[in-house]
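Welcome to a short tour of one protein model. Please take a look at the sequence and structure below, and then let us walk through a few local features together.

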Amino acid sequence: MANVFDLFDPAKQPQVPRPEADMLTALLGAMEKAEAEIGAGSETLEILSTSASRQLARIKDTHSRRAEATMEQAGSLIEDLRRAQSDGRIGNDLAEYLRDAAERMILTVDTLRKRGDIFLAHEAAGCPPVLIYDYEIIMDGKDLPYPSNYMLLKITPPEGVTVNDTRRPYIIIDPRAGHGPGIGGFKADSQVGVALRAGHPVYFVAFRREPEPGQFLSYVTRAEAAFVREVMRRHPKASRPVITGNCQGGWATLLLAATNPDLTGPIVINGAPVAPWAGKVGENPMRYNAGVLGGTWIPMLLSDLGGGIFDGAHLVQNFEQMNPSRTLFRKYTDLFRDIDKGDQAFLEFEKWWGGFFLLNEPEIKWIVEQLFVGNRLVKNEARIEPGRPIDLKAIRAPIVVFASHGDNITPPQQALNWIAETYSDVSEIRIRGQRIVYMVHDQVGHLGIFVSSSIANREHSEVASTLKTIEALAPGLYEMLIEDVTETDGHKTFTVGFAERTLGDIRALDDTVADERPFAAVARAAEVQAQLYDTVLRPMVRALVTETGAEMSRALHPQRLNRALMSSRNPAMHTVETAAEKVRGTRTRAADTNPFLAAEAFWVQATENAIDLMRDTRDMGFELTFFSLWGTPWARAFGRTHETRRTLKSEGELRGLPEVSAALMTMDQGGFPEAVIRMLVLLAENRGQVRRDRLERSAKVLTQDEPFRSLGAEHRAMIIHQQTLIATFEPDSAIDTLPLLLRDPEERALALQVVQFIPGAIDEMSPRTLTMLQRFHEVLGVPALTQNVTEDPLSAQAAPEEATPEEPAPLQAMVVPAPMVEAGVIPEPAADMPAAIEAPAETVTAEAPVVEAAPAPDEAPAAPAPRRRNRAAQPEPEKT
């Protein structure tokens, strides 16, 4: 610290600050800030330019093609009209069309009358689940210490379907996003149907229309945890249940698994918006709504107008505005044009779509503030309740994520980017023992992910049939790849493969994270707006709202009003019902060659094109407005405090994790299973995609042969995780300590035969694999390998009467992993890739990703090998 004399002593310069130095420092600092702002400004301009170019290009390409098609359609229509006129039948065609159109209009309006009646009856019944299956209520959340409106239903298998209570149960959580529960099982080809046909007990998490007084979102999570415990109590011999969450139920499932890591089996999340800031510039316009239309204070105001209750009809109306040509126009014109095909499918879907559910104000505020606007779940800042943070790293169960490029509500970036934001790299995923598998569909829409029959019969079937395999995978990140193979009698058999992926593959689905910076400013602005509303306007709004006014606001909501007015309770609709009955008895359809039917189709298509053009123009305007408002230097400075991402651990910090230290301390402990798995891990280098034959051999050894078979899925996964950590961090010591795991010479020879059996013939192995195998032989004191091992060394010692049966593979018993190299997905793997566990030390994988098939009826099941000396704790028999 300088004294008063030093301040004026030239000899002390420049160590002692002087005013001229301060000015120079300030000037340099200003220049640096200006340079940074210029760079950020250019980045914003680039985003705006990219947005405009992509949007305009898409509008130009899409609508120019549509315009050309429309012009061709118009030319064909004019030609048909001319031909009809020249033939002298245009008058008759017109009369015939007018009669046909009038009859179709009467039938269509009558269908809307039926929809109104169904709506009122559904509302009067309290909007029960729209499941097509019978069910019984097992638990009611209102009876729990933290009451909620959630219920646990047990699905009653339909006639001809047999359920085995010792098989792993399924629990399906439907979204509470305006609509009611049941979409995951409102037809036979659905998630419920897939699991039932596989013989699994199925439970469904449903909810009532009205929330319990004082209900918080944390109460819902507590109720779901209680439901899982009850299912486990009912199925003590089964593995832990699979939890499937759809859309909003997906992130709810993540909350459940993160706050109760000891409860769940594999979790499957379908189209779940976990990282709502993510998306591509020029696409995914829904993410901009909060920055353009308002933030958290909007649902707060709507909740206050509803007397503390948020009406889910507002959410449904927002969904409809996203694609108005489909939801507000084509849905009705398609019904009108195809009314002769019946209205059952329309009415079934509308029963669910028109069932509007309610949320308490704290629930919708948490969802908007913590998730959609604040993005706090990804940043590890969300709290389910005071003092209870949510860390997605705490999840220990395998996670299967299903996304689609055709989903405009939850694009793949929002469904998957949380993985890259949560883990530093794939090595951390492995170190923490996590298994994350994702699938990305090419074109299915948001609802199609959990509604489409084709998706249920393919993607969901394959997830169901490979869950035991997924649990047996080594910790890591994988993409599940499905290929069609054969089709017999309308039933397809698929091949399934798991390709190792990195976080770079996840990020490659996005463009950059630069377009997410403005959302931080929106998040902070939303907090300020909410505080201002809560302080200034809320007292006045609540004072003016009465219980009667709140109920009227819900009854008069356009979504409810347009259905109610079309019901039979409207006296004007009585004549429609009578006229419809008469039309059905005398229905006369116009000929397919009638030119006015073509004119009708032309009008429908042209109108849809016009609405889509307005929608695309609106979306472009939203995106440009968003970045123009929130990408400015002032907005960026305002939101800088909310840009902070989760701090990720370095490699050195990962090595210091307790699970790593515990694994390394037990390096010299174990027996035959630990030794075999460790050697397979050590062999696993340069793995990309494994050949089918090696996958099949590894599956047989590690899931059907003893002593691996009777380890149990959980114990086996624990060993794989432990040996992965050992081989990753201490590969040399892992080899040197193998003799401590295999003390008996016979065990050593048998273990080496098993390890050699999986890679296959010696002439197919690379020098690296041969070198590693020779090193195993040297360390264990066994003569060098000279002969191929073509038969499974463990199955040869089987004793059938001692076998512990594995759970048979559900659904596609003949499904095997696909060699994606044959489909050109990845390059041909090197010949030295072992089948079971082959990855480099820093990208370890494990048990072969194949479907576990039960032994054929005419075959004796594999039996345990002779009892071996094993210093590990005696495992429990595997649950089936």
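Let us begin with Cys247, which sits in the loop between strand E5 (242–246) and helix H5 (248–259). Helices (H or I, at least four residues) and strands (E, at least two) are DSSP runs, numbered from the N terminus. This is a predicted model, in which local features need pLDDT of at least 70 and side-chain atom pairs count only at pLDDT 80 or more, while totals for chains, interfaces and linings use all residues. Residues are numbered from 1 along each chain as its sequence is written, and side-chain values use heavy atoms, with hydrogens and water left out.

Most residues other than glycine have a negative phi, and most peptide bonds are trans. Which way does the phi of Cys247 go, positive or negative? The phi of Cys247 is positive, near 55°. Cys247 is also buried, at a relative accessible area of 9%. Here buried means under 20% relative accessible area, exposed over 50%, and partly exposed in between (1.4 Å probe, protein chains only). Asn375 is another non-glycine residue with a positive phi, and the two can be set out together.

| Residue | Loop | Phi | Relative accessibility |
|---|---|---|---|
| Cys247 | between E5 and H5 | near 55° | 9% |
| Asn375 | between H11 and E9 (383–385) | near 55° | 2% |

A further backbone feature is the cis peptide bond that joins Glu706 and Pro707, with omega about 10°. Pro707 belongs to the loop between helix H27 (692–704) and helix H28 (713–729).

Now for helix H7 (residues 297–305), where Pro299, Met300, Ser303 and Asp304 are buried. These residues lie on the same side of H7, because they cover an arc of only 140° around the axis, the arc being that of the directions from the helix axis to the C-beta atoms. An α-helix has 3.6 residues a turn, so residues three or four places apart point the same way. Which elements are included in what covers the buried residues of H7? Among them are strand E7 (309–311), helix H11 (361–373) and helix H18 (517–544), by contact (heavy atoms within 4.5 Å). After H7 comes Gly307, with a positive phi near 70°.

Finally, strand E12 (residues 435–441) has 7 of its 7 residues buried. Arg435, Val437, Met439 and His441 point one way from E12, with Ile436, Tyr438 and Val440 pointing the other way. E12 runs parallel to strand E11 (residues 399–404), joined by 6 bridges; strands pair if DSSP finds at least two bridges between them. Within this pairing, Ala403 has Val440 of E12 as its bridge partner.
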